[in-house]
Amino acid sequence: MAATSTLTQRSMANSATSAQSSIYAEDPKAASSDASARGAAIYSQSWLLVIYDWWVLGVVSTYAWACSVPQYTLPWFQNNLRKGQHLDIGVGTGYYLAKSDLTGVQVTLADLNQDALDATRDRLVMEGKVKSGETRCLLHDITRPLPASCPKFNSMSLYYLLHCMPGPVPAKTVVFSHLKHNLTPDGVISGASILGKDVQHNLFGRLIMTFGNWNGMFDNRGDNAADFDEALREHFDDVETQVRGAIFLWRASKPKI
């Protein structure tokens with residue numbers, strides 16, 4: 001895999017709090033593949049960020065994917081969140097972090113979309129989860145290694161991200177091959193993703209799948225639990241997975257270096 005671009009550290013004004021947060025930004029021309037950028041660009045639409053929690057994490061997750069976020073996905077996130085350094089990748093609206101106890105947690109946000117980074121950073125401050133200026137942001141294509149300036153993380157999260165990434169499962173799970181190097185020896189990485197294969201989608205789910213794959217928001221028709229499980233076990237000694245409805249929940253620790 002090509003080495004990541006040189007990263008420069010800069011500061012950006014927090015629009016909601018007029019504070020400063022640490023931002024690491026890649027050369028925009030090298031930040032992502034065209035396919036990845038198209039998927040991330042959808043989240044530049046401010047109206048979508050406003051309804052995301054209600055629509056995606058509420059209605060769609062419960063009735064299309066048959067996996068309630070409050071009942072299954074959020075507890076999975078919270079149980080795998082560690083004190084110390086935490087990296088949240090593909091931040092959405094910051095829902096999972098906002099619903100969790102962040103005492104003793106130093107949050108770093110990573111995403112291809114600056115709007116999503118800004119919205120999540122601002123939300124965590126406004127909801128009193130972190131102090132102004134504490135959250136670090138990384139504008140980055142996660143298919144590339146993290147910058148050398150990043151610390152080792154005690155936990156990492158990738159929720160509702162892998163099904164948005166372009167390509168078959170082996171192309172998506174290359175992220176594990178370099179993220180494991182940024183995980184502490186006793187750290188944990190976890191996530192959730194929508195499966196397209198070897199699960200039973202209801203009519204609502206099939207409609208969302210068709211639309212999502214048509215407009216570039218998803219690329220997951222071939223995504224299946226067995227391939228994801230195999231990739232995780234290739235890079236980690238301790239792996240736990242389960243399927244709830246159409247959602248693949250996973251956690252891994254003890255990285256194989």
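**Exercise 1. Into what classes do the lining residues of the second largest cavity divide, and how many fall in each?**

Solution.
1. In this predicted model, a search of the whole structure finds 2 cavities of 30 Å³ or more.
2. The second largest cavity holds about 100 Å³ of space.
3. Its lining consists of Y52, D88, G90, V91, G92, T93, G94, Y95, Y96, L97, Y159 and Y160.
4. Glycine counts as polar and tyrosine as nonpolar. The lining of the second largest cavity therefore divides into 7 nonpolar, 4 polar and 1 charged residues.
5. Helix 4 (residues 95-98) supplies the largest share of this lining, with 3 residues.

**Exercise 2. Which span should helix 5 (residues 114-126) have at 1.5 Å a residue, and how far apart are its end C-alpha atoms?**

Solution.
1. Helix 5 has 13 residues.
2. The expected span is 1.5 Å times one less than the number of residues, which gives 18 Å for helix 5.
3. The end C-alpha atoms of helix 5 are 18 Å apart, in agreement with the expected span.

**Exercise 3. How many residues of helix 5 are buried, and which are they?**

Solution.
1. A residue is buried if its relative accessible area is under 20%.
2. The residues of helix 5 that are buried are Q114, A116, L117, D118, T120, R121, D122, R123, L124 and V125.
3. Because 10 of the 13 residues are buried, helix 5 is largely enclosed by the rest of the structure.

**Exercise 4. What is found at the start of helix 5 and just after helix 5?**

Solution.
1. At the start, a side-chain oxygen of N113 comes to within 2.8 Å of the backbone nitrogen of D115.
2. Just after helix 5, G128 adopts a positive phi of about 75 degrees.

Conventions:
Residues numbered from 1 in each chain as written. Predicted model: local features only at pLDDT ≥ 70, side-chain atom pairs only at ≥ 80, totals over all residues. Heavy atoms only, no water. Helix = DSSP H or I, 4+ residues; strand = E, 2+ residues; numbered from the N terminus. Buried < 20%, exposed > 50% of the residue type's maximum accessible area, 1.4 Å probe, protein only. Polar contact = N/O pair within 3.5 Å; in protein donor to acceptor, adjacent residues only side chain to side chain. 1 Å grid on protein atoms, 1.4 Å probe; cavity = no way out; pocket = protein on both sides within 12 Å on 5 of 7 lines; lining within 4 Å. Points joined across faces, edges and corners; volume = space filled by probe spheres on them.
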